[in-house]
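Here's a quick walk through one chain, from strand pairing to the core and then a helix. Have a look at the model before reading on.

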Amino acid sequence: MTWTVDYKPEVKEQMATQLNSGQLTSADIAALKRWVELIETRGLESVQNTRWHDHPLEAEWTGFRSAAFSPAGRVIYSVEDKKLIVCVVRVTATHDYKK
């Protein structure tokens, strides 16, 4: 079965804003593209490992997962019927996942 990664429209806007402000770098964007490429070509399991520090979230984020694309950058996502929905992209040095 094929995996598809979709970004919510507001996430694309957040990423553009963060890129323009310097919170996200071109290296961050390249890492996110690599993460998506791995999922779409090799499956979600290919990124659920220690390299990406992928793990399930708790509390207000129950049902979501987080993966690291840089030392401070995280992508928070959920899975719906083999379709990966990227809900939030946030750069945080403190791992503050508050909604």
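Which residue in β3 does His-55 stand opposite? The partner is Ser-66. Keep in mind that this is a predicted model.

**Strands**

That pair belongs to the match between β2 (residues 55-56) and β3 (residues 65-68), which are antiparallel and joined over two bridges. On to the next partner: β3 also pairs with β4 (residues 73-80), again in the antiparallel sense, and here there are four bridges. Within that pairing, Ala-67 sits opposite Val-75 of β4. The two strands β3 and β4 make a hairpin, with four residues between them.

| Strand pair | Sense | Bridges |
|---|---|---|
| β2 (residues 55-56) and β3 (residues 65-68) | antiparallel | two |
| β3 and β4 (residues 73-80) | antiparallel | four |

Stepping back, the chain has two helices and five strands, and reading from the N terminus the order is β-α-α-β-β-β-β.

**Core**

The largest nonpolar core holds 21 residues, and Trp-35 and Ile-39 have the most contacts inside it. Elements giving two or more residues to this core are α1 (9-21), α2 (26-42), β4 and β5 (83-91). The top contributor is α2, with seven residues.

Trp-35 is worth clicking on. Setting aside neighbours within four places in sequence, Trp-35 is in contact with Val-47, Trp-52, Ala-67, Val-75, Tyr-77, Leu-84 and Val-86. Two names on that list, Ala-67 and Val-75, are the residues that stand opposite each other in the β3 and β4 pairing.

**Helix α1**

How does the length of α1 check out? With 13 residues at 1.5 Å a residue, α1 should span 18 Å, and its end C-alpha atoms are 19 Å apart, which agrees.

As for its sides, Val-11, Met-15 and Gln-18 of α1 are buried. They cover an arc of only 70° around the axis, so they lie on the same side of α1. The spacing fits the usual rule: an α-helix has 3.6 residues a turn, so residues three or four places apart point the same way. The face turned away from the buried side carries the exposed residues Pro-9, Lys-12, Glu-13, Thr-17 and Asn-20. After α1 comes Gly-22, with a positive phi near 90°.

**Whole chain**

Of the 99 residues in the chain, 42% are buried. Taking contacts between residues at least 6 apart in sequence, 44% join residues at least 24 apart. The chain exposes about 5900 Å², with carbon and sulfur atoms supplying 52% of it.

Notes. Residues are numbered from 1 along each chain as its sequence is written. This is a predicted model: local features need pLDDT of at least 70, side-chain atom pairs count only at pLDDT 80 or more; totals for chains, interfaces and linings use all residues. Side-chain values use heavy atoms; hydrogens and water are left out. Two strands pair if DSSP finds at least two bridges between them. A nonpolar core is a set of buried Ala, Val, Leu, Ile, Met, Phe, Trp, Tyr and Cys residues joined through side-chain atoms within 4.5 Å. Buried means under 20% relative accessible area, exposed over 50%, partly exposed in between (1.4 Å probe, protein chains only). Contact means heavy atoms within 4.5 Å. The expected span of a helix is 1.5 Å times one less than its number of residues. The arc is that of the directions from the helix axis to the C-beta atoms. Accessible areas come from the Shrake-Rupley method with a 1.4 Å probe; for residues, only the protein chains shown count as cover.
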